Amino acid sequence: GFGLGANVRVRLQQHLSAYGGWEWHRLSSRELLPAQTTDVEETGYTLGLRFDHPLRGERAVGRAPSYWLRAGATYAHIELESAAGDITFDSGHGLGWEVGGGLAFPLGDRLTLTPGVRLRSLTRDLGEGADRASATLRYVTVGTGLVFRF
């Protein structure tokens with residue numbers, strides 16, 4: 001699958017920031033429903049804490065290569081879409097979680113490249129009435145971001 005997102009960070013301490021934002025992830029499945037290709041979309045908000053620390057020495061974060069770790073909550077919903085793009089089900093929003101880590105490489109005074117890996121999990125009820133069942137969408141994202149510092 002693939003995804004997009006944007007978030008804002010506010011530095012709380014030298015190495016600690018709070019983040020919040022919005023993300024959309026799309027995954028395809030040929031086996032979720034019998035004889036159907038179904039797209040699974042998770043869309044929602046993220047909120048958490050991020051720890052950044054230089055790889056060497058005590059140089060300031062943002063001026064030298066560093067590593068980052070983050071953990072937070074998600075408030076998202078799961079949509080199931082048919083191959084034709086029709087939404088066949090929407091779970092409604094609920095709480096989930098994410099953890100991740102990666103590296104940060106400054107590309108100048110204000111721009112940083114941030115590749116990383118995250119594990120995300122969201123449990124929601126899918127279906128209606130007697131067909132209702134709890135489902136957990138858990139997946140790993142591998143991606144890269146661009147950070148612009150104001």
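Mentor: Before we start, one rule: two strands count as paired if DSSP finds at least two bridges between them. Also keep in mind that this is a predicted model.

Trainee: Got it. What does the secondary structure come to?

Mentor: Eight strands and zero helices. Along the sequence the pattern reads β-β-β-β-β-β-β-β.

Trainee: What box do the C-alpha atoms fill?

Mentor: Roughly 60 × 25 × 25 Å, taken along the principal axes.

Trainee: And how much of the protein is buried?

Mentor: Buried residues make up 38% of the 150 residues. On the contact side, take those with a separation of 6 or more: 53% of them are between residues 24 or more positions apart.

Trainee: Back to pairing. How do S7 and S8 pair, parallel or antiparallel?

Mentor: Antiparallel, over 16 bridges. S7 and S8 form a hairpin with six residues between them, and Gly 127 in the turn has a positive phi of about 95°.

Trainee: Which residue in S8 does Arg 120 stand opposite?

Mentor: Tyr 139. Another facing pair is Leu 113 with Leu 146 in S8.

Trainee: What about S6 and S7, how many bridges join them?

Mentor: Nine, and those two strands run antiparallel as well. S6 and S7 also form a hairpin, with four residues between them. Look at Glu 98 there: its bridge partner in S7 is Arg 120.

Trainee: Those two side chains carry opposite charges. How far apart are the closest N and O atoms of Arg 120 and Glu 98?

Mentor: They are 2.7 Å apart, and the pair forms a salt bridge. Arg 120 lies in strand S7 and Glu 98 in strand S6, so the salt bridge ties together parts that are 22 residues apart in sequence.

Trainee: Is that pair buried or exposed?

Mentor: Buried. Arg 120 has a relative accessible area of 2%, so it falls under the 20% cut-off. Glu 98 counts as buried too, because its relative accessibility is 1%.

Trainee: How many salt bridges does the whole model have?

Mentor: The count comes to 12. One of them joins the side chains of Arg 118 and Glu 23, at 3.0 Å from N to O. That pair links distant parts of the chain: Arg 118 sits in strand S7 and Glu 23 in strand S2, 95 residues apart.

Trainee: Where do those two stand on burial, buried or exposed?

Mentor: Arg 118 counts as buried because its relative accessibility is 14%. Glu 23 is at 6%, so it counts as buried as well.

Trainee: What about Asp 39 and Arg 26, how do their side chains meet?

Mentor: In a salt bridge, with 2.4 Å from N to O. Asp 39 is in strand S3 and Arg 26 in strand S2, 13 residues apart.

Trainee: Which class does each one get, buried or partly exposed?

Mentor: One of each. Asp 39 has a relative accessible area of 10%, so it is buried. Arg 26 is partly exposed because its value is 21%, and buried means under 20%.

Trainee: Which residues are linked in a network of salt bridges?

Mentor: Glu 23, Glu 42, Arg 70, Glu 98, Arg 118 and Arg 120. You've met four of those names already, in the Arg 120 and Glu 98 bridge and the Arg 118 and Glu 23 bridge.

Trainee: Changing topic: pockets. What volume does the largest pocket have?

Mentor: About 1,100 Å³. Its lining has 41 residues, and the ones nearest the centre are Asn 7, Thr 114, Gly 145, Leu 146 and Val 147.

Trainee: Leu 146 again! Which strands each supply at least two residues of that lining?

Mentor: S1, S2, S3, S4, S7 and S8. And yes, Leu 146 is the residue in S8 that Leu 113 stands opposite.

Trainee: Last one. What's the lining made of by class?

Mentor: There are 17 nonpolar, 15 polar and nine charged residues. Watch the class rule if you recount, because Gly goes with the polar residues and Tyr with the nonpolar ones. Gly 145, one of the residues nearest the pocket centre, is therefore on the polar side of that tally.

Terms used:
Residues numbered from 1 in each chain as written. Predicted model: local features only at pLDDT ≥ 70, side-chain atom pairs only at ≥ 80, totals over all residues. Heavy atoms only, no water. 1 Å grid on protein atoms, 1.4 Å probe; cavity = no way out; pocket = protein on both sides within 12 Å on 5 of 7 lines; lining within 4 Å. Points joined across faces, edges and corners; volume = space filled by probe spheres on them. Salt bridge = Lys/Arg side-chain N within 4 Å of Asp/Glu carboxyl O. Buried < 20%, exposed > 50% of the residue type's maximum accessible area, 1.4 Å probe, protein only. Contact = heavy atoms within 4.5 Å.
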